[in-house]
Amino acid sequence: MRRNYRRPVLAVGLVAAVAVLLAIVVGSSRTPQVSVKSHKLSGDPDKNRTYPGTRGQRGLGPAASQLAIQELQNKAYPSSTLPFSWRKGAMQAFSAAAGRGADGGGSWQLAGPSVGTYPAILNRTNAEYVASGRVTALAVAPACVSGNCRLWVGAAGGGVWRTNDALAATPSWTNVSGSFGTSAIGALTYDSATNTLYAGTGEQNASADSDAGLGIFKSTDGGDHWTLLPGSPAMSQANAVSAIVVSGSTIYVGTTYGVAGMAGVGGGAQPSFVPGSGAPKPGLWKSTDGGNSFNLMFDDSAGAWGVNNVAVDSHGVVYIASIGKGIFRSSDGGTNWEQIFQAATAGNRTELALNTVDGHTRIYIGDGGDGTIPTTGVYHADSIDTATAASLITGGTNGGYTRVPVSPSTQSGRLTRTYCDGQCWYDNTVYSPPGSPDVVYVLGSFDYNNQPFGVDNGAAVLLSTDGGVTWSDVTRDSGDNQIHPDQHAIVTSSSNPLLFFEGSDGGVMRSDGTLTDASARCDAVAPFGATAVAICTNANKAVPTHLYNLNAGLSTLQFQNAVNSPANPSDVMGGTQDNGTWEGTAGNANWPQTMYGDGGIAQFDVGDPAFRMNEFFSQYTDVNFQNGAPDKWVIVSAPFFASGEASAFYKPQLADPVTSGTLFVGLQSLWRTQDFGGNQDDLEANCPEFFVGGDTPGCGDFVPLGDPAGKGGIGSASDLTSPSGSYGADKSGGYVVAIARASGDTSTLWTATRRGRVFISKNADGAAGSVSFTRIDAGSALSSKSLPTPRRFVSGIVVDPKDPNHAFVSFGGYNEATDGVTPAVPGHVFDVTYNPKTGQATWTSLDNGNGPLGNLPINALALDSKTDRLYVGTDFGVLVSVGRSGMWRPAAAGLPSVAVSGLTLDSKNRVLYAATHGRSIWMLKLNGG
């Protein structure tokens with residue numbers, strides 16, 4: 001449904017003007033943010049993630065590394081490692097379940113969106129923008145003319161897509177990787193000599209949701225049919241393929257770590273390679289027999305993440321980039337290596353591109369550093385094939401290279417000074433089109449300080465056409481079309497190096513292949529002074545005449561959850577990675593974005609059809625009283641910030657299924673409001689999302705349950721994770737990760753924590769300070785007939801609508817996980833019954849340890865009480881068990897092989913919704929639906 005809104009820009013501009021002026025005049029590399037809301041406009045979880053061996057990234061302080069830590073630990077906990085054999089067993093378990101045949105004759109259908117549109121009010125240029133999910137790789141066929149330009153897109157969690165006319169204004173897209181068994185893509189390479197397309201699986205971008213892969217596939221018919229390179233699983237399975245270079249029968253492959261397991265709340269993943277785990281080592285691998293076998297030529301298992309790029313020059317010299325180290329080369333096919341460029345920092349990414357000038361090798365380098373001026377830089381050098389390694393590094397100073405000058409600010413090179421802005425390990429790309437050595441593109445994140453005022457265009461995609469001497473900002477065209485933040489891939493037409501296709505967290509854009517002087521727009525920045533005008537002029541002197549958005553039909557958004565409205569069951573809402581919160585009609589291709597930034601767990605209200613609840617990440621939570629109108633979201637998260645409590649990066653949020661206005665949010669305590677988060681008039685007057693911060697005092701009236709003082713906090717009476725107090729010392733730490741209510745009971749509530757504590761409250765609707773919880777997962781709380789319970793991440797709870805004392809509880813992680821002290825407890829899905837008279841619970845496994853479900857971590861749960869079916873979301877799809885049989889099989893045919901992070905059942909209309917990590921939201925009409 002199309003909506004028209006007015007954008008309130010004036011106050012944001014007033015708040016930011018001083019910050020921008022300081023950024024320009026002082027030239028600080030750590031300038032103030034544009035406005036109090038810029039962390040949301042610019043924020044995505046990947047931007048603020050870290051990986052093992054690196055420091056916390058610039059961003060939001062302690063929250064900056066939350067998701068990385070959560071995702072990297074939850075899957076393995078309580079073990080400190082994640083053996084490859086466990087993950088391989090999970091793949092085999094799902095395959096075994098799939099072999100039992102689907103349950104019933106239904107088929108999954110796409111609920112949407114395949115055309116997701118940012119309304120103008122939520123986009124930086126005040127123009128609509130169609131988005132798809134994160135793009136990680138691109139490949140274009142050599143012939144690229146109007147009506148015949150084949151382009152392939154690799155999505156982080158959405159597989160490989162193809163269009164046969166990428167020069168069309170609105171290309172038609174087809175997913176061509178359904179046979180892979182994974183939807184995570186890291187590399188695409190088209191070998192024109194053999195007309196063969198190679199697809200490397202597993203995302204290489206070092207984020208906590210960079211899913212691992214299964215190997216390398218090749219196609220000789222453009223993607224219609226694929227074969228697995230026989231030697232690739234042993235080389236890359238459970239890691240990620242970052243680059244593929246083909247030269248005859250020789251194939252060079254760069255690999256990095258990968259992760260697995262994305263639940264909607266709190267996630268759960270661990271790096272794929274752990275010494276001694278059995279997983280293949282990340283690094284550079286080489287095949288001399290067309291991919292039948294591979295040998296490790298550069299072992300990067302001791303590095304920060306792996307080999308992120310590979311290139312071979314015209315002399316056959318191999319160049320690789322190693323994250324945290326720099327660039328190495330080998331003149332003998334990978335047997336011996338010498339370092340020719342040293343990374344400025346040990347935890348970030350260096351990228352390279354090669355070309356040929358007069359028979360010699362030119363190199364361009366983007367050294368990300370930590371995103372600051374002293375460490376971030378763009379370099380180039382000619383004839384490095386004749387230069388010794390010592391002359392290039394020159395005592396650790398990289399003195400053999402020319403660094404693009406970034407000062408004074410009037411230099412056009414200033415655009416490159418912090419091009420990846422503190423997240424260079426995640427979005428950092430350098431590309432020089434073959435045969436056009438003077439053309440080079442450098443891709444990074446986005447300049448949130450200066451772009452809103454026209455000082456530059458975002459500095460996310462930079463172009464030099466004179467070998468790196470002068471630069472322009474091609475992130476925006478001569479009009480209002482602009483590239484989405486966070487860049488990962490770029491390719492150009494073989495006949496026109498200025499006609500580029502670019503992939504980011506927001507999908508694919510294409511330029512028209514011509515450049516225009518748009519510096520006339522710099523008159524608008526004259527109030528900021530001559531320096532601002534000079535920067536703007538440099539940025540706009542050669543921009544694309546037109547940028548085309550190619551995302552319509554690319555259904556690759558990465559959803560955390562999906563929920564439908566009680567008032568209008570076909571009205572569905574969900575949050576996504578770096579693309580905000582979406583709301584649309586199930587089955588309709590076109591959905592509008594309802595809020596920007598990251599999107600976590602969204603909720604409707606049971607009684608007020610106009611109410612919405614969303615979250616960004618960490619403590620940030622908003623509500624909306626006006627049907628999700630983008631300019632009507634208000635802050636309600638101040639009490640969470642004031643408490644000092646930790647939370648999941650995407651924390652659990654629940655709208656009570658019975659009582660309108662009652663909302664629950666999990667941090668270390670369970671928080672509740674009974675009036676939608678506060679008075680509507682007060683919130684809309686004093687706490688509008690566009691104008692105030694998430695911690696603004698007075699914005700929100702949530703209170704912790706069980707704390708008479710009403711403040712919550714670490715170690716307070718309401719802290720369900722504390723190692724002291726009435727809940728015992730075991731399974732302590734973490735935060736609340738699951739909340740569930742029954743649809744026919746107002747007093748009972750179930751909740752659980754990251755480390756495996758499970759609680760029930762029988763007076764959850766009482767006065768906040770008097771609400772009590774009974775822990776039912778350990779000790780005397782377990783009945784004599786009960787199995788022990790795992791000390792692992794609780795990924796879901798669903799309460800039986802017929803009996804509030806009966807629920808199903810799922811766990812992530814693996815059965816063998818132990819800290820070496822506490823015995824491992826098997827089981828992933830449990831049938832739990834609580835006896836309020838004895839205060840004890842009985843736990844019964846529905847997967848029999850390593851039985852029919854196998855050692856398969858569960859990400860999400862849904863219960864169909866009408867037919868007594870229990871549905872589970874896994875890293876590979878949705879399974880179902882009928883009754884208490886524990887005999888699991890696919891829920892239905894038609895769902896792509898994709899990680900499922902959330903499940904929601906519309907029991908009234910008999911529809912099951914699955915939120916996927918890279919293929920949008922899918923729906924299944926159940927028996928009777």
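These notebook entries record what I looked up in a predicted model of the structure.

**Entry 1. Asn309**

I began with Asn309 and located the residue in strand 16, which covers residues 307-312. I then asked whether Asn309 is buried or exposed. Its relative accessible area is 16%, and because the cut-off for buried is under 20%, I entered Asn309 as buried.

I next looked up the polar partners of the Asn309 side chain. One polar contact joins the side chain of Asn309 to the side chain of Glu351, at 2.9 Å. I also noted Leu352, whose backbone oxygen is 3.3 Å from a polar atom of the Asn309 side chain.

For the wider surroundings I set aside residues within four places of Asn309 in sequence. The contacts that remain are Ser242 and Ala243, then Tyr319, Ile320 and Ala321, and finally Glu351 and Leu352. Glu351 and Leu352 thus appear in my notes both as contacts of Asn309 and in the entries on its polar atoms.

**Entry 2. The sheet containing strand 1**

I turned to an open sheet of 4 strands and recorded the strand order as 1-60-59-58, with antiparallel pairing. Which strands lie at the edges? They are strand 1 (109-112) and strand 58 (900-906), each of which pairs on one side only. Neighbouring strands of this sheet are turned against each other by 30° on average, with direction ignored.

I followed strand 1 to its partner, strand 60 (residues 921-925), and found the two paired in the antiparallel sense over 3 bridges. Within strand 60, Ile921 stands opposite Gly112. As background, I noted that strands of a sheet pair through backbone hydrogen bonds.

**Entry 3. Cavities**

How many cavities of 30 Å³ or more does the whole structure hold? My search returned 5. The largest cavity contains about 240 Å³ of space. I listed 22 residues lining this largest cavity. Those nearest its centre are Thr182, Asp211, Ala212, Asp875 and Phe876.

**Entry 4. Pro788**

Lastly I looked up Pro788, which is in the loop between strand 49 (774-775) and strand 50 (794-799). With a relative accessible area of 47%, Pro788 is partly exposed; the cut-off for exposed is over 50%, so this value of 47% does not reach that class.

Leaving out residues up to four places away in sequence, I found that Pro788 touches Leu782, Val825 and Phe830. I also recorded the C-alpha separation of Pro788 and Thr842, which is 9.2 Å for residues 54 apart along the chain.

Definitions and conventions:
Residues are numbered from 1 along each chain as its sequence is written. This is a predicted model: local features need pLDDT of at least 70, side-chain atom pairs count only at pLDDT 80 or more; totals for chains, interfaces and linings use all residues. Side-chain values use heavy atoms; hydrogens and water are left out. Buried means under 20% relative accessible area, exposed over 50%, partly exposed in between (1.4 Å probe, protein chains only). A polar contact is a pair of N or O atoms within 3.5 Å; within protein, one must be able to donate a hydrogen and the other to accept it, and residues adjacent in sequence count only if both atoms are side-chain atoms. Contact means heavy atoms within 4.5 Å. Two strands pair if DSSP finds at least two bridges between them. Axes are lines fitted to C-alpha atoms, for helices over the stretch in contact, and angles run from 0 to 180 degrees between N-to-C directions. On a 1 Å grid over the protein atoms alone, a cavity is a set of points where a 1.4 Å probe fits but cannot get out, and a pocket is an open set with protein on both sides within 12 Å along at least five of seven lines; lining residues have an atom within 4 Å of a point. Grid points are joined across faces, edges and corners, and a volume is the space filled by probe spheres set on the points.
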